[in-house]
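Trainee: I have a model open and would like a close look at a single part of it. Could you pick one residue, walk me through its surroundings, and then move outward to the charged pairs?

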Amino acid sequence: MNRELWKNRTFTNENPINYPCPKCSVGFLTPKKPIVTEITPSGTEMEYFGYPNGIEHIFSGTLICKNKDCKELVSISGQCLRDIQSGKELPSGEMVEHRFSTYYPKFFFPNLKIIALPKEVSENVAEQINLSFSHYYNDLSSCANRIRNGIELILDDLNAPKWRKTNAGNKQVFKILHNRIEHYGKRNKNMADHLLALKIIGNEGSHIGLVKSDDILDAYEILEQLIEFTYIKKKERITELVKEILSRKKPRSKE
């Protein structure tokens with residue numbers, strides 16, 4: 001995951017962000033036509049009084065993938081502060097006024113992909129993670145909650161028990177996600193640690209305003225590795241390849 005790319009949730013007219021295409025993951029998105037902005041009633045009032053820190057607008061536009069074999073279209077919309085005043089001093093000592101606009105995207109459709117979702121990821125897990133992506137720019141609490149939902153579904157894919165036997169031999173269903181993860185940790189502590197870290201961040205989504213974008217990016221980095229462990233198992237596959245080649249004492253293509 002390119003953390004620096006996703007850390008900045010705004011862009012300016014002078015420094016647009018090269019968002020990766022959510023379809024091909026190879027090309028970058030660029031405006032198909034100039035982005036359209038429209039002043040809001042609050043912005044009209046700001047303009048009247050000469051507010052220097054940006055005049056409020058809303059914006060919308062269509063982005064297109066620069067990969068000629070893809071050309072996926074993505075709609076974008078959000079808030080924009082236009083004509084932000086900034087001054088700088090020239091070497092001659094003269095002060096020059098500079099104006100720029102900052103864009104705060106709120107919605108992308110189809111949603112951007114902050115981490116890769118390989119085809120091996122189950123459909124219901126991918127759905128929850130995609131929904132979390134769709135909330136990243138407009139509602140971090142909902143974003144965290146969707147990640148938490150994804151954890152429960154990943155546990156299902158790991159065949160983690162949903163209940164345990166008590167000392168009395170009775171069946172006790174796990175009503176709390178934490179207990180289910182801890183119980184699974186007896187089988188695989190490393191995986192359980194990843195899941196617990198994600199659960200802690202996901203729980204913050206239940207408390208309005210407490211979860212921060214850096215927390216969400218932490219979760220995505222952990223989730224990226226968890227997906228690798230759960231669905232790709234690259235490390236185990238390569239280890240098996242090494243063992244097979246060593247035992248055969250020749251490449252696998254050789255009979």
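Mentor: Happy to. Leaving aside its neighbours within four places in sequence, Thr 230 is in contact with Ile 154, Leu 158 and Met 191. Keep in mind that this is a predicted model. Thr 230 sits in helix H7, which covers residues 213-232. Is Thr 230 buried or exposed? Its relative accessibility is 8%, so Thr 230 counts as buried, the cut-off being under 20%. The side chain of Thr 230 also has a polar partner: it reaches the backbone oxygen of Leu 226 at 2.8 Å. As for Arg 164, which is 66 residues from Thr 230 along the chain, the two C-alpha atoms are separated by 22 Å.

Staying with helix H7, let's turn to charge. Side chains of opposite charge can pair when their charged atoms come close. The structure holds eight salt bridges. One of them joins the side chains of Arg 3 and Asp 218, with an N to O distance of 2.9 Å. Arg 3 belongs to helix H1 (residues 3-7) and Asp 218 to helix H7, so this pair ties together parts that are 215 residues apart in sequence. With a relative accessibility of 32%, Asp 218 is partly exposed, whereas Thr 230 of helix H7 is buried.

Now take a pair within one helix. Lys 189 forms a salt bridge with Asp 193, and their closest N and O atoms are 2.9 Å apart. Because these residues are four apart in helix H6 (residues 189-204), about one helical turn separates Lys 189 from Asp 193. Lys 189 is exposed at 57% relative accessible area, while Asp 193 is partly exposed at 36%. Returning to helix H7, salt bridges that share partners join Arg 3, Asp 214, Asp 218 and Glu 221 into one network.

A further salt bridge links the side chains of Lys 119 and Glu 120, at 3.5 Å from N to O. Here Lys 119 is exposed, with 77% relative accessibility, and Glu 120 is partly exposed, with a relative accessible area of 38%.

To finish, look at a nonpolar part of the surface. Ile 238, Val 242 and Leu 246 make a nonpolar surface patch of about 270 Å². Ile 238 lies in helix H8, residues 234-248, and is partly exposed with a relative accessible area of 38%. That value is over the 30% required of patch residues, so Ile 238 passes the accessibility cut-off for the patch.

Definitions and conventions:
Residues numbered from 1 in each chain as written. Predicted model: local features only at pLDDT ≥ 70, side-chain atom pairs only at ≥ 80, totals over all residues. Heavy atoms only, no water. Patch = residues over 30% accessible without salt bridge, like charges linked within 9 Å, V, L, I, M, F, W, Y side chains within 5 Å. Areas by Shrake-Rupley, 256 points an atom, 1.4 Å probe, with all protein chains shown as cover. Salt bridge = Lys/Arg side-chain N within 4 Å of Asp/Glu carboxyl O. Helix = DSSP H or I, 4+ residues; strand = E, 2+ residues; numbered from the N terminus. Buried < 20%, exposed > 50% of the residue type's maximum accessible area, 1.4 Å probe, protein only. Contact = heavy atoms within 4.5 Å. Polar contact = N/O pair within 3.5 Å; in protein donor to acceptor, adjacent residues only side chain to side chain.
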